[in-house]
Amino acid sequence: MARDPDPDPAAGSGAAPERPSGLVRGLRDRLRARLGVRTTTALAAALTVGVVLLVAGAILVLGLNALLRMQLVNAADQQATQLGDRVAANFADTEDVKRNAIQATGKRSDLVEVVTDYNRDPDRPPDVQNIGSSDPLPEYPLMTDVRAAPDEVEVVHSTWITLDDGKHEEVLVVVKGYEFPPTGQPYWVLAAQPLDFLHRAVDTVLAMVLVGIPVLVVLVGGFTYFFAGRALRPVEAMRARVARMSDRDLGTRVPVPPARDEVGRLAETMNQMLGRLENAQTTQRRFVADASHELRSPLATIASGLELLAGSVAEADASTVRTLRGEASRLDRLVDGLLLLARSDERGLQPRREDVDLDEIVEAERGRPSDVGGVAPEVRAEPVRVSGDRAQLVRAVRNLVDNARRHAASRVLVTLRAEGPDAVVDVADDGPGVPPADRDRVFERFVRLDEARARSDGGAGLGLAIVREIVAAHHGSVEVRDSPLGGALFRLRLPLAEAGGATGADPSGPPPTGVAETPEPSAAEIGDAELRDDRPTGPLPVLAPPPRDQETAPVTHDGHIRPSPLPPEQETAPVPRPSPVPRGTRTDERVRPATSVPIRLGDARSPADVNPTAPIPVVRPPAR
């Protein structure tokens with residue numbers, strides 16, 4: 001019996017969990033997305049300092065107000081005590097408390113009063129009179145109606161009084177009770193302190209706090225932002241270095257700051273990661289290059305065997321042999337593409353620099369037979385010349401045309417034109433096209449879209465990747481757009497050749513003095529522009545064989561004549577050497593005087609050997 005899935009615990013509670021509203025959540029996510037580490041740190045520091053300063057400012061203002069009021073209370077209490085003791089001392093030597101009060105308060109400039117109640121009967125209303133006051137105060141009214149029993153003190157923290165000149169002033173009043181010794185008459189002394197000074201001091205401090213806190217907050221935030229940027233500068237340097245790196249720059253490393261902190265350990269960790277990636281990439285590229293190189297010879301043997309077998313098998317097996325030959329050819333193209341990409345990853349394609357008529361390459365696609373079949377392309381080309389490697393450009397254009405023929409329904413259009421400083425090749429078809437989401441991914445290796453997954457469509461997903469590598473080596477670009485025919489349009493841009501530009505493998509200067517320029521090999525000699533020389537030093541010059549009467553016998557390294565071990569029909573023509581250079585003449589050290597040496601089939605010491613691991617021997621001229 002199948003069990004129901006566990007219910008959601010929140011659903012069974014009957015109350016939906018509280019979640020922030022959409023506006024708050026959107027604002028929060030937007031702030032998280034836009035605020036970086038520097039801004040967040042600066043805001044956090046400014047907010048913290050602002051809160052601390054607000055609390056400290058409030059404590060300062062309130063504490064200052066309390067402290068000043070305490071000082072005023074103490075001052076008023078001292079005044080009241082002094083005046084009350086003087087009245088109680090009975091300096092007038094009478095039993096009249098009023099006379100003593102008048103003598104004690106006469107000619108005083110402070111704010112003091114002596115008040116008594118002449119009615120001591122509690123059943124009758126009080127008869128409170130001012131029996132003595134200082135000069136600034138009028139006789140009536142009293143500063144306050146608060147009374148104090150003998151030896152008690154009452155404080156009125158704020159009240160308004162009217163001075164003798166009619167001015168109003170806010171004061172703090174201390175009321176202290178006494179008893180006149182001769183008669184036992186109760187009286188109390190009122191001492192006042194103006195609050196104007198307290199208010200000015202508190203208002204000044206409050207203004208300083210209100211103005212200083214924002215300034216300090218801004219300064220703290222600005223300095224925090226600045227120093228956070230300085231602290232994060234190594235991180236930004238690492239980010240910029242990694243952002244400029246490509247899959248061919250894994251040998252570079254990010255800068256390590258001198259401080260051995262978290263940022264320094266991060267840089268060391270990133271360098272270790274880059275080292276592991278570089279090792280893995282090197283191993284992968286070496287494997288692809290070695291595997292592709294080792295597969296070429298077996299594939300050539302299989303193709304040759306199938307070619308010989310095609311004429312000797314029965315008709316029933318002829319179709320099988322043809323199928324195997326097609327698969328062998330397809331595998332050979334795949335290995336050739338892998339080897340080219342591996343060479344591009346390792347050291348770049350390093351194309352030759354020569355003037356190439358791009359319109360001839362495009363026009364050659366008009367009637368070229370293709371293994372992919374499909375629709376024959378229409379070609380519209382203008383005379384355009386570029387600088388580059390003809391064989392590589394032929395391969396790039398051919399891959400684009402084959403790709404269009406493979407996917408076209410009824411029409412393929414190839415156009416060539418000059419557009420500003422570039423030569424533009426457009427290959428359009430009326431096929432299904434390339435979705436916008438896959439227009440960058442289609443140039444990756446072994447990428448085939450869903451429409452091209454069938455084996456009958458052919459292709460291994462390397463053609464467009466090879467096109468991108470070739471175009472990048474020629475400082476051009478390739479992109480995919482919508483075709484006016486309804487399918488895909490592959491646009492290839494290459495810089496036009498400069499007028500009077502030098503051709504050859506090294507465009508930096510003319511050939512060395514004394515070395516004759518060799519003519520370009522024909523299309524038949526280079527296999528319809530498919531064969532390429534992979535040596536970094538450039539191709540060997542094609543030298544015409546001398547006449548038969550100039551052939552010389554083969555010589556050994558010691559200068560003796562050695563009989564040829566091969567029949568005469570298998571020997572090839574000797575390679576002529578440059579004439580000897582007189583002693584003392586300045587010339588290129590690469591040109592050495594030598595006699596002609598015949599080339600023998602299978603001889604590893606042959607000057608025409610293309611094996612890069614076996615150097616070409618330098619043959620000295622024989623003794624005359």
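Which residue of β10 does E419 stand opposite? Select E419 and D422: E419 stands opposite D422 in β10. The model is predicted, with local features taken at pLDDT of at least 70, side-chain atom pairs counted at pLDDT 80 or more, and totals for chains, interfaces and linings using all residues. Residues are numbered from 1 along each chain as its sequence is written, and side-chain values use heavy atoms, with hydrogens and water left out.

**The mixed sheet**

Select β9 (412–419) and β10 (422–429). These strands pair in the antiparallel sense over eight bridges. Strands are DSSP runs of E of at least two residues, helices are runs of H or I of at least four, and both are numbered from the N terminus; two strands pair if DSSP finds at least two bridges between them.

Extend the selection to the open sheet of five strands, in the order β7-β9-β10-β12-β11, where the pairing is mixed. β7 (378–381) and β11 are the edge strands; each has a single partner, so one side of each has no neighbour in the sheet. From one strand to the next the twist averages 15°.

**Helices α9 and α10**

Add α9, which packs on this sheet and touches β9, β10 and β12; its direction makes about 170° with that of β12. Angles run from 0 to 180 degrees between N-to-C directions, and axes are lines fitted to C-alpha atoms, for helices over the stretch in contact. Now add α10, which lies across β11 and β12 and runs at about 25° to β12.

Next, show the two helices together. The axes of α9 (residues 390–407) and α10 (residues 463–473) come within 9 Å and cross at roughly 145°. On the α9 side, select Q392, L393, R395, A396, N399, L400 and N403; on the α10 side, G463, L464, I466, V467 and I470 meet them. Contact here means heavy atoms within 4.5 Å. The residues of this contact divide into seven nonpolar, four polar and one charged. Nonpolar covers Ala, Val, Leu, Ile, Met, Phe, Trp, Tyr, Cys and Pro; Asp, Glu, Lys and Arg are charged, and the others, Gly among them, are polar.

**The cores**

Select L358, V386, V414, F490 and L492, the residues with the most contacts inside the largest nonpolar core, which has 41 residues. Such a core is a set of buried Ala, Val, Leu, Ile, Met, Phe, Trp, Tyr and Cys residues joined through side-chain atoms within 4.5 Å; buried means under 20% relative accessible area, exposed over 50%, and partly exposed in between (1.4 Å probe, protein chains only). The largest share of this core, seven residues, comes from α9.

Centre on L358. Apart from neighbours within four places in sequence, L358 is in contact with V384, R385, V386, L416, A423, V425 and L494. A second, separate core has 29 residues, including V87, V112, L198 and V205.

**Strand β6**

Move to β6 (residues 354–357), where E354 and V356 form the covered face, and D355 and D357 the uncovered one. β6 pairs with β8 (residues 385–388) in the antiparallel sense, over four bridges. Within this pair, D357 stands opposite R385.

**The antiparallel sheet**

Finish with the other open sheet: five strands in the order β2-β1-β5-β4-β3, with antiparallel pairing. β2 (128–133) and β3 (153–162) are at its edges, each pairing on one side only. The twist here averages 30° from one strand to the next. Inside the sheet, β1 (residues 111–117) and β5 (residues 185–194) run antiparallel and are joined by six bridges; select L111 and its bridge partner in β5, A192. Last, show α4 (residues 97–105), which lies across β1, β2, β4 (168–180) and β5 and runs at about 40° to β2.
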